[in-house]
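The following exercises concern helix packing and salt bridges. Please study the structure, attempt each task, and then compare your reasoning with the worked solution.

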Amino acid sequence: MTATVPAAGTDRLSELSELKELARRGPSERATEAQRAKGKLTARERIEILLDKGSFNEVEQLRRHRAVGFGLEARKPYTDGVITGWGTVEGRTVFVYAHDFRIFGGALGEAHATKIHKIMDMAIAAGAPLVSLNDGAGARIQEGVSALAGYGGIFRRNTKASGIIPQISVMLGPCAGGAAYSPALSDFVFMVRGTSQMFITGPGVVKSVTGEEITHDGLGGADVHAETSGVAHFAYDDEETCLAEVRYLLSMLPQNNRELPPAHPNEDPADRPADRLLDMVPADGNRSYDIRAVIEELVDDGESMEVHAAWAPNLVCALARLDGHVVGIVANQPAALAGVLDIKASEKGARFVQFCDAFNIPLVTLIDVPGFLPGVEQEHEGIIRRGAKLLYAYCNATVPRISVVLRKAYGGAYIVMDSRSIGADIAIAWPGNEIAVMGAEGAADIVFRREIAAADDPDAVRARKIDEYRTELVHPYYAAERGLVDDVIDPRDTRPVLIRALAMLRAKDGELPRRKHGNPPQ
């Protein structure tokens, strides 16, 4: 019997299998244990949680750096510390790159950056979302300026992709120096408490320059950026929950700016009356309530995803569905600062409105606003310039826009909150609305101040004048009589009214004048 001779390619296939397995395992078991000791998953484990099972297709798995010096020529691990590729989330294509902290601390070198550039270019060309799983120590110092140039290429592509494909940055470890600007250029930033930090200069530099002592988390931890700086849109306690929420967010976004968000079958009746709304919003304008309860009553199955929940809480921004179709909701929050607009709320709302407009997500604005927050600090910090950002964003938006006045709508803040005068397609109001230049009390004090001051009983005259002003100019049908709102509706009918209006506007074509770009207030 003649012995079987192995095919010529068998050895090569075996070698290939070994190389790929080496790349998948990473540098060493010790490095993996060190990663887990910090409470962190490996880069591949993160990708497995993010993407549909078995859908990941890796790109340039066998890439290695070409740098020499400082011992780098003896250390050439496969992947070069970043895993890149594409897969699916709920069956739709998503591109992803994940820093592998076990290799060079996830630091970015020339080959590492080139891989990221390639996957970003692929995402833009394919018209699919890009998710970055960040866990790196910044630029690879041993490679010098080549590493810095790599960051420049990432920033340029972030900017090129802005408004074209959704970009989501997930912070799962440290992110310092220039590396922090890529998340800042993306649409959404997720962080994990206790393990992720972002800052331009770390605690050591801060202490040496200013003398201030602070921890990494105190300077740039998840809660700091979610509550104080506004850099992070979402913060979670563990990586698994964080990545599950990224999947949920992706399920509500279109693939790119040429598509509509995905519509889902819905069992919540479109004509469902919202009886609870009658008791949620107090008739007394001085009493607060939680606008999130109103949103929960209006949207499908009471489900929404609030963006920037802990930052500028006086304005609520959320993604939700109405009759299965995604909408962006912007709402004043009377439970925080009485729902006034201030600098942070204006910037928060402007960014959200711009995102929704870029990706064909209709806007529903719920108005209960007493005005802009007065104060020396607000004026000196630029409330005129920065408050105008929200005004600009609404005026520039071409997606379907519906506004609902629930209660107070005073002064310039009412105009800014997508009033009919700045382009809302449909403007409706509840019977308790007060649309006016200001509240009746303040108006009476100005208009009738001499008469009140000269009266024998100023308090009685003031009360009478307040009632007179309210009767003449602040009654619930004044705005409807002048065409400033399209209808005054029963609050219980708000959900079906919104759904019918959105269905009518679904094919809206709102072209802007041709221009290179606008010059929004900064």
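**Exercise 1: A salt bridge between two helices**

In this predicted model, the side chains of arginine 157 and aspartate 121 meet in a salt bridge, with N and O 2.9 Å apart. Determine which parts of the chain the pair ties together, and classify arginine 157 and aspartate 121 as buried, partly exposed or exposed.

*Solution.*
Step 1. Arginine 157 belongs to helix α5 and aspartate 121 to helix α4, so the salt bridge ties together parts that are 36 residues apart in sequence.
Step 2. A residue is buried when its relative accessible area is under 20% and exposed when it is over 50%.
Step 3. Arginine 157 has a relative accessible area of 12% and is therefore buried. Aspartate 121, with 33%, is therefore partly exposed.

**Exercise 2: The packing of α4 and α5**

Describe how the axes of helix α4 and helix α5 are arranged, and state which residues meet.

*Solution.*
Step 1. Two packed helices are described by the angle between their axes and the distance between the axes.
Step 2. Helix α4 spans residues 110-126 and helix α5 residues 145-161; their axes come within 9 Å and cross at roughly 10°.
Step 3. Angles under 35 degrees count as roughly parallel, and α4 and α5 are therefore roughly parallel to each other.
Step 4. Among the residues in contact are Ile116, His117 and Asp121 of α4, and Gly153, Ile154 and Arg157 of α5. The residues of this contact divide into 6 nonpolar, 5 polar and 4 charged.

**Exercise 3: Links between distant parts of the chain**

Locate the partners in the salt bridge of arginine 495 with aspartate 300 and in that of arginine 420 with aspartate 486. How many salt bridges are counted in the model?

*Solution.*
Step 1. In the pair of arginine 495 and aspartate 300, the closest N and O atoms are 2.9 Å apart. Arginine 495 lies in helix α21 and aspartate 300 in the loop between α12 and β10, 195 residues apart.
Step 2. Arginine 495 counts as buried at 0% relative accessibility, and aspartate 300 counts as buried at 6%.
Step 3. Arginine 420 and aspartate 486 meet with N and O 2.3 Å apart. Arginine 420 is in the loop between α16 and β15, and aspartate 486 is in the loop between α20 and β17, 66 residues apart.
Step 4. Arginine 420 counts as partly exposed at 24% relative accessibility, as does aspartate 486 at 42%.
Step 5. Salt bridges that share partners join Asp268, Arg272, Arg276, Glu297, Asp300 and Arg495 into one network. The count for the model comes to 35 salt bridges.

Conventions:
Residues numbered from 1 in each chain as written. Predicted model: local features only at pLDDT ≥ 70, side-chain atom pairs only at ≥ 80, totals over all residues. Heavy atoms only, no water. Axes fitted to C-alpha atoms, helices over the stretch in contact; angles between N-to-C directions. Helix = DSSP H or I, 4+ residues; strand = E, 2+ residues; numbered from the N terminus. Parallel < 35°, antiparallel > 145°, perpendicular 65-115°, else oblique. Contact = heavy atoms within 4.5 Å. Nonpolar A, V, L, I, M, F, W, Y, C, P; charged D, E, K, R; others polar. Salt bridge = Lys/Arg side-chain N within 4 Å of Asp/Glu carboxyl O. Buried < 20%, exposed > 50% of the residue type's maximum accessible area, 1.4 Å probe, protein only.
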